[in-house]
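Work through the exercises below with the sequence and the model side by side. Try each task before you read its solution.

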Amino acid sequence: MGILGAGPVTQAIHLPSLARLRDILEVRHIMDVDPAVAESVAARVGARFSSSMEELLADPAVEIVAICSPHQFHATQVIAACRAGKKAVLCEKPFAMNGEEAAAIAAVSAETGVPIVVGAMHTFDPGWLAAESAWGTLPDQVHTIRSSIVLPPNPRFEDFATEIVGRTPPPAAAAAGTPADDAAADIAAAKATLTGGIMGLAIHDLPLVRRFAPDFRAVEVLHAQTVQPFGYVISLRAGAVAIELRAAMNGTWEPSWTFEAIGDDATLSIDFTPSYVQAGSATARIRTAGSTTVLGPYGHNGYEGEWRKLAELARGTGAAPDPDTLIHDLEFALAIADAAAACVDAGAAAYEEARA
Ligand SMILES: NC(=O)c1ccc[n+]([C@@H]2O[C@H](COP(=O)([O-])OP(=O)(O)OC[C@H]3O[C@@H](n4cnc5c(N)ncnc54)[C@H](O)[C@@H]3O)[C@@H](O)[C@H]2O)c1
């Protein structure tokens with residue numbers, strides 16, 4: 001396999017997963033626009049390196065392509081990998097930045113027959129998959145969903161995993177302007193944080209949410225607020241289902257990532273391992289009056305699950321993810337991001353009106 005983009009996710013998440021899977025997958029080529037990063041990361045795994053996507057895609061040693069570049073390059077690179085006749089593609093989330101890009105990807109995947117796996121790792125977590133096989137009619141009765149994420153900032157886990165080369169420094173804080181400028185900048189910053197939080201973090205669990213909220217096009221955001229230093233609190237409805245999305249990235253000593261789907265007679269709750277951490281799978285609990293079924297933890301997590309799936313697809317076994325499901329997952333995320341941004345605008349307009 002070959003990897004486009006050799007940043008922290010490749011170095012701290014994927015290479016450690018792949019190191020345990022050398023009997024089924026070998027990294028043959030690593031590409032990054034920064035040749036020094038590509039060379040250094042490729043040397044760790046004895047792979048060829050380059051700084052050009054075309055060179056990697058033309059490499060016959062590469063049968064599976066993983067796209068781990070920043071978001072804005074995903075759609076072009078997924079399409080190019082499909083057109084290059086590779087056997088399967090992994091694209092880090094989000095796999096596209098708008099509905100048009102997503103539709104273009106689905107069309108190329110259908111035309112070329114190249115299966116695409118999106119790096120929403122919880123959907124490949126054995127704890128989640130075991131719950132899915134066991135929950136029976138739960139989706140018919142769920143009325144409330146909660147996704148709650150408390151994590152340290154990514155570099156803490158990255159630095160536990162490896163020595164990162166070429167980390168991009170965080171953007172510098174903007175200089176202070178006039179009060180009117182500052183208010184507009186605060187609103188723009190809140191909208192950017194919400195969009196970044198939804199498309200970068202909440203998006204891991206939105207495919208899970210959607211399993212219990214089939215009316216995903218009827219999104220209404222009731223409340224959307226940012227949390228310092230980074231996070232969000234969003235309440236929304238999708239049809240008749242009430243959904244609460246919370247995230248806080250702070251100096252926590254105890255990371256926690258939970259998902260709950262609550263119905264009248266049964267409840268599913270899942271504890272996921274934090275992102276970056278390779279410590280076995282999630283543990284799921286399905287509870288009804290008088291009985292609790294505990295599923296997991298199993299030996300590997302969703303990151304490894306993604307790679308196992310890709311190896312299967314490249315061998316021509318196993319069912320490919322349904323492109324419509326991937327598109328609908330993305331549409332759901334985009335709809336929440338748009339409605340959350342509109343909620344911030346509406347709040348700011350109401351405040352101005354009250355002040356006037
Ligand atoms: N699954 C997860 O748990 C998880 C966690 C964090 C980030 N991510 C996703 O992984 C992706 C990469 O994240 P990161 O933290 O490594 O990002 P990053 O932006 O810090 O690093 C990406 C790397 O890509 C390189 N790059 C830039 N433009 C490129 C191009 N056109 N082609 C190839 N490489 C290019 C950069 O030089 C850098 O080395 C993002 O899409 C992000 O959303 C996933």
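**Exercise 1.** Find which polar side-chain atom lies 3.0 Å from a nitrogen atom of the ligand, and then look for further polar contacts of the ligand (pairs of N or O atoms within 3.5 Å).

*Solution.* Begin with the nitrogen atom of the ligand, which has a polar side-chain atom of Gln77 at 3.0 Å. Turn next to the oxygen atoms: a polar side-chain atom of Tyr303 lies 2.7 Å from one oxygen atom of the ligand, and a polar backbone atom of Ser69 is 3.4 Å from an oxygen atom of the ligand. Taken on its own, the ligand has 860 Å² of accessible area, and the protein covers 85% of it (areas come from the Shrake-Rupley method with a 1.4 Å probe).

This is a predicted model, in which local features need pLDDT of at least 70 and side-chain atom pairs count only at pLDDT 80 or more, while totals for chains, interfaces and linings use all residues. Residues are numbered from 1 along each chain as its sequence is written, and side-chain values use heavy atoms, with hydrogens and water left out.

**Exercise 2.** Describe the shell around the ligand by class and by element, and explain why the ligand lies between two domains.

*Solution.* First, sort the shell by class, which gives 12 nonpolar, 10 polar and three charged residues (Ala, Val, Leu, Ile, Met, Phe, Trp, Tyr, Cys and Pro count as nonpolar, Asp, Glu, Lys and Arg as charged, and the others, Gly among them, as polar). Second, assign residues to elements, where helices are DSSP runs of H or I with at least four residues and strands are runs of E with at least two, numbered from the N terminus. The largest share of the shell, three residues, comes from α1. Third, consider the domains, whose bounds come from an automatic or database assignment: domain 1 (2-119) and domain 2 (124-355) both give residues to the shell, so the ligand lies between them.

**Exercise 3.** Locate the cis peptide bonds that lead to Pro94 and Pro229, and find where Tyr276, with its positive phi, is placed.

*Solution.* Start from the general rule that most residues other than glycine have a negative phi, and most peptide bonds are trans. The bond from Lys93 to Pro94 is cis, with omega near -15°, and Pro94 is found in the loop between β5 (88-91) and α5 (99-112). The bond from Gln228 to Pro229 is also cis, with omega near -5°, and Pro229 is found in the loop between β8 (219-226) and β9 (230-238). Finally, Tyr276, although not a glycine, has a positive phi of about 80°, and its place is in the loop between β12 (266-272) and β13 (283-288).

Note on methods
Polar contact = N/O pair within 3.5 Å; in protein donor to acceptor, adjacent residues only side chain to side chain.
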